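Q: I am new to this structure and would be grateful for a close look at a single part of it. Please describe that part in detail and then place it within the chain.

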Amino acid sequence: MPLSPRVPDIRALELLLAVARLGSVGRAAAELGVSQPAASARIRGMERQLGVGLLERSPRGSRPTEAGLLVVEWARSVVEAAQALDAGIDALRGRRDARLVVVASLTVAEYLMPGWLLALNRVSPETAVTLRTANSADVAAHVLAGDADLGFVEGPGAPAGLAGAVVASDRLVVVVAPEHPWARRRAPLTPAELAATPLVLREHGSGTRDVLDQALAPYGGTAPPRLELASSTALKAAAMTGAGPVCLSELAVVEELSTRRLVEVRVEGLDLQRPLRAVWPVGRRPAGPARLLLGLTREPARPG
C-alpha cells in the first residue's frame with residue numbers, strides 16, 4: 001500500500017537523529033552540511049507534518065520530547081536501511097563505471113580507436129572496455145537501443161535521434177593497382193567519370209558509401225558497383241588484385257600508398273572530406289568512462 005503523507009522524508013529523519021545524538025540543532029546542521037535556519041525549518045516542517053512536537057528547545061540545546069524519542073527510535077532503522085541502499089547504489093555505480101562498451105565504424109575502430117583506448121588505459125586502468133565494430137548505420141542503431149555507452153560514426157551529420165561531436169576528420173581517396181590504366185593518367189578524373197565507372201565499394205549503410213553517394217549525387221550517382229565488400233581490408237585486397245578502382249578512407253591506405261602497392265587517382269572538384277563523430281542519445285550526455293574517452297579523442301595521441 002502507498003505510504004501515508006505523514007511519513008517524513010529521509011533527510012528530515014536523518015537530521016532528527018543527528019539532533020538527538022548531538023543535543024543541538026546547530027551542531028547537527030553543521031555535521032550534515034546545511035545552515036542552522038534551514039535545519040530548524042526542516043524540523044518545524046516535520047513537526048507540522050506529524051502533528052506532534054519533536055524537540056524541546058532551551059538555551060543549553062535541544063532534546064527529543066517523549067513523542068520525539070519514539071520517532072527517533074522508529075527513524076533509526078529507516079535511516080540505516082536508506083544508508084544501506086545508498087551504499088548498494090554506490091557499489092552498482094562503481095561496477096557500471098568500471099565498464100565501457102563502445103561501438104565504432106570500421107575505419108574508426110581499426111585506425112583511431114587503438115590509440116584512444118591506450119590513452120584511456122593510462123588514465124583509467126581499472127576500466128574494462130568492450131569494443132564492437134559495425135557500419136555507421138548499425139552503430140547508430142546500437143547506441144539508440146542502449147547497447148553501447150558511446151558510438152563513433154563516419155558521415156556528414158549525426159544520425160537521427162543522436163547528438164554528437166566531431167572528434168577527427170578523414171578523406172576518401174580513389175585508389176587502383178599500379179597496373180591499372182588510371183595509375184598512369186596525367187590528368188585527374190572528373191566527378192562524372194568517377195560516377196560512370198563501376199567501383200569496388202563498401203556496402204550501403206557504411207559511412208564511406210554514404211559520403212561517396214552524396215558527393216556523386218549531382219553527377220547521376222554511383223554506377224552499379226563491381227563488388228560490394230564489408231571492410232577496408234577486403235577493399236584494399238580487391239584493389240591490389242586488380243578487381244577495379246576502390247574508394248576508401250585515406251587512413252586505411254597510408255602504408256599501401258607509401259610502398260606503391262596502391263596508387264591514388266586524383267579526382268578534380270569533388271569534396272570527399274568527411275568528419276568522424278562520437279555519438280550518444282539526444283539528452284543523455286556521456287558520463288563516467290565514456291565522458292573520459294570522449295575527452296581523450298580530442299587530445300593529441302602520445303607514443304605508446
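A: A convenient place to begin is the residue that comes after helix 2: this is G33, whose phi is positive, near 75 degrees. The model in which this is seen is a predicted one.

Helix 2 itself covers residues 25–32, and within it V25, A28 and A29 are buried. Viewed down the axis of helix 2, these buried residues fall within an arc of 100 degrees, so they line one face of the helix. Their packing partners are helix 1 (10–22), helix 3 (36–50), strand 1 (55–58) and strand 2 (61–64). At the start of helix 2, S24 contributes a side-chain oxygen that comes to within 3.1 Å of the backbone nitrogen of G26.

The wider setting is as follows. The chain contains 12 helices and 11 strands. Its radius of gyration is 31 Å, well over the 19 Å that the globule rule gives for 304 residues, so the chain is more spread out than a compact globule. Along the principal axes, the C-alpha atoms fill a box of roughly 100 × 40 × 30 Å. Of the 304 residues in the chain, 41% are buried. Where contacts join residues at least 6 apart in sequence, 73% of them link residues at least 24 apart. The accessible surface of the chain is about 16,100 Å², and carbon and sulfur atoms account for 55% of that surface.

How values were computed. Residues numbered from 1 in each chain as written. Predicted model: local features only at pLDDT ≥ 70, side-chain atom pairs only at ≥ 80, totals over all residues. Heavy atoms only, no water. Buried < 20%, exposed > 50% of the residue type's maximum accessible area, 1.4 Å probe, protein only. Helix = DSSP H or I, 4+ residues; strand = E, 2+ residues; numbered from the N terminus. Arc of directions from axis to C-beta. Contact = heavy atoms within 4.5 Å. Polar contact = N/O pair within 3.5 Å; in protein donor to acceptor, adjacent residues only side chain to side chain. Rg over C-alpha atoms; globule rule 2.2 N^0.38 Å. Areas by Shrake-Rupley, 256 points an atom, 1.4 Å probe, with all protein chains shown as cover.
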